[in-house]
Structure formats: C-alpha cells, structure tokens
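Let's take a walk through this one, starting at the metal site and working out to the pockets. Have the model open as you read.

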Amino acid sequence: MSLDSHPLRLIHVSDIHFWRYALNPLQLFSKRLLGMASLVVRRARKFRLERVEEVVERVLSLNPDHILITGDLTTTALPAEFRAALRELGPWLQEPEKTTIIPGNHDRYTMGAHRDRRFEQYFGEFAPAPTYPWLRFLDADTAILGLDPTRPGLTAQGRLPEGQLELTRELIAGPGRTIRRLIVACHYPVEVPPPYRQDLVSKNLINAESLSRWLATIGPHLYCCGHVHATWAFVPDRIPDQLCLNPGAPLLRDRTGLRPPGFLEILMMEHDVIVNHHAWMSEGWEIFPLYRAGSFFPATSGFAS
Ligand SMILES: [Fe+2]
Ligand SMILES: [Fe+2]
C-alpha cells in the first residue's frame, strides 16, 4: 500500500470488559471470590454487552487497515470471559496479522490467570512475540511497540519491569531502525489530561515517571492507552512530541453524558495524523474530530535518542 495514495486507517479500541456470572455459589465462602463476584455485578451494571455487535459492525464498516485493542478485554480474567471475547469479537479476528491485542490489568486479574498466561492462551496470536516488549510493523515505516506493565493480584496499579524498559530502549534505539511512525501501545497512561487525574489515584502506573522520562526523548510518537474509561487526544506538557490517545470504553453505560462510549479512528497520511472519536450518543453513532496535525511525523527515518 502506498501511503501517498491513501491513509493508513488504524482503529483503536480499549476496555471492552466482557463479564460473566461464572462463579460457583459454594466458592463464595472465599472472601476473595466474593470480591470478584461483587466486581462482576458492578461491571454488569456498567458495561452493556448487548451493544458489542453494533460496535463490531461499526468498526468493520470503516474498513480498517489494522485494529489495536489496548487491554481489559475481560473483567476477572475468567476463561468464560475470554471465550466470550473470542466469540463476540470474531469478525475482527479473522486475519491475526491485522489485529493487535495487548493485556490490561483485568486480563491478569487472578494469580491463576497470570501464572497460566491465560490472556496469551486465548489471544497470544494477536501479538508478534510471546514476551514484552515487541515491535509489530504495519508497513515499511510504521510500527506498534507493545508494552506490558500489568501485574497479578487485586491491585489495579501497574509497574513496568525495569528489564522491560531496558529492552525497550534497545529495541527503539537499535542500529538500522527505520521506524518513522511509532505507535506505543500500553494499557496504562503515563500522563492524563487534568480532569482525569483523580481517576488514576489508586490505579496508576507506579513507575510512570521513568517511562515518561524515556518517552520524552524518542521524538514524535502516538501513545495508545486505555484503563481510564474516558476519551482523549492530548499532548502532555512533559512529553511534547507525544500524542496520547485513549478511546474510552465502547460499552460503557455513560450516566453523566461526559464519557460517551466509542472508539478512535486514527488516520495517518505521509506525515499527518487525524483522530476521530466514533461515539454512541442517544440518537446513534456520531463522529467527533478530536485531533488534526500536519507534519506530526518526521519526513525521514530516525528519532533523537
Ligand atoms: Fe478498564
Ligand atoms: Fe485497566
């Protein structure tokens, strides 16, 4: 595909949060399982699974070149939730080379899910490598960098292992690198717009600071995240070459009217980026232009490092 002739259309989705009532009532004597059950009940009120088919169709109608899902496919990482995700998202998963999926903290929710690499068992084929970090090229000069700061256990806080950051630095600064358009995919944001800072108080990335410092050195890039169920496209003061994107949660029951559910359509021309939010409003789908920048990406390969 020549980028001169038509834009690369990337669809960015996050935080679908499939949920299932799949617990044996006898197990509820366990305090931990009781906690999981109450989480599922809360999520069941919050996420409208009956809308997923409409979201799947809307994305396909845009004829995307690639679909990127940045985690939290599930609620408690139960096999039944992963199976539901595989089944319901099936139309997006026909060609594994055209869909990339990274885990969110809810996809590692239990020790068992983490130990068994349950996310990878179900969705491993939608990543180019079994361990992080990795790079996946979408065309000759566009690549997704996959990061995984998720941890097992009931905490919603993440931490990017020091070794993973070290490998990432090597991967991106490696000799002969020709990534002109870099898309960092990571479930956790490192910087959020001021109205959403409160959302991160108990579920932040613990070592966001060191990742943030490194990101500020790598030149223009998109940072595709999720985790906070709100939509944004903003350039952080501390990482002025970054366009940070969060699509929000596509099935969210938005009681406030401030967080309409949907996904992002990212169009990349030669140097330019356009981001549209496809949002489900009371009357149906609407498109809100979120960001438009000419000459965002450099003309020639190579980032400062
Ligand atoms: Fe989430
Ligand atoms: Fe999350």
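A donor here is an N, O or S atom within 2.8 Å of the metal, and water is not among the atoms, so sites may look incomplete. Keep in mind too that this is a predicted model.

With that in hand, look at the iron ion (ligand 1). Along the sequence, its donor residues follow the spacing D-x1-H-x54-D-x156-H. In the structure these are Asp-15 (OD), His-17 (NE2), Asp-72 (OD) and His-229 (NE2), which coordinate the ion at 2.0 to 2.3 Å. What about the angles? For reference, ideal angles at a metal are 109.5 degrees for four tetrahedral donors. The four donor atoms around the iron ion (ligand 1) subtend angles of 87 to 173 degrees, and the arrangement is irregular because of that spread.

The ion has company: the iron ion (ligand 2) sits 3.5 Å from the iron ion (ligand 1), and Asp-72 coordinates both. As for the other donors, Asp-15 is buried, at a relative accessible area of 0%, and His-17 is likewise buried at 0%.

Now for the open space. The largest pocket holds about 500 Å³. It is lined by 25 residues, and those closest to its centre are Arg-43, Lys-46, His-106, Lys-203 and His-229. You have already met His-229, as a donor to the iron ion (ligand 1). By class, the lining of this pocket splits into 11 charged, eight polar and six nonpolar residues.

The second largest pocket has about 180 Å³ of space. Of its 13 lining residues, Arg-108, His-114, Arg-117, Asp-148 and Thr-150 come closest to the centre. Its lining comprises six charged, four polar and three nonpolar residues.

Conventions: Residues are numbered from 1 along each chain as its sequence is written. Chains are lettered from A and ligands numbered from 1 in the order in which they are written. This is a predicted model: local features need pLDDT of at least 70, side-chain atom pairs count only at pLDDT 80 or more; totals for chains, interfaces and linings use all residues. Side-chain values use heavy atoms; hydrogens and water are left out. On a 1 Å grid over the protein atoms alone, a cavity is a set of points where a 1.4 Å probe fits but cannot get out, and a pocket is an open set with protein on both sides within 12 Å along at least five of seven lines; lining residues have an atom within 4 Å of a point. Grid points are joined across faces, edges and corners, and a volume is the space filled by probe spheres set on the points. Ala, Val, Leu, Ile, Met, Phe, Trp, Tyr, Cys and Pro count as nonpolar, Asp, Glu, Lys and Arg as charged, and the others, Gly among them, as polar. Donors are N, O and S atoms within 2.8 Å of the metal (3.2 Å for Na, K and Ca); water is not among the atoms, so sites may look incomplete. Four donors count as tetrahedral if all angles lie between 85 and 135 degrees; four count as square planar and six as octahedral if opposite donors are over 155 degrees apart and all others between 65 and 115; anything else is irregular. Buried means under 20% relative accessible area, exposed over 50%, partly exposed in between (1.4 Å probe, protein chains only).
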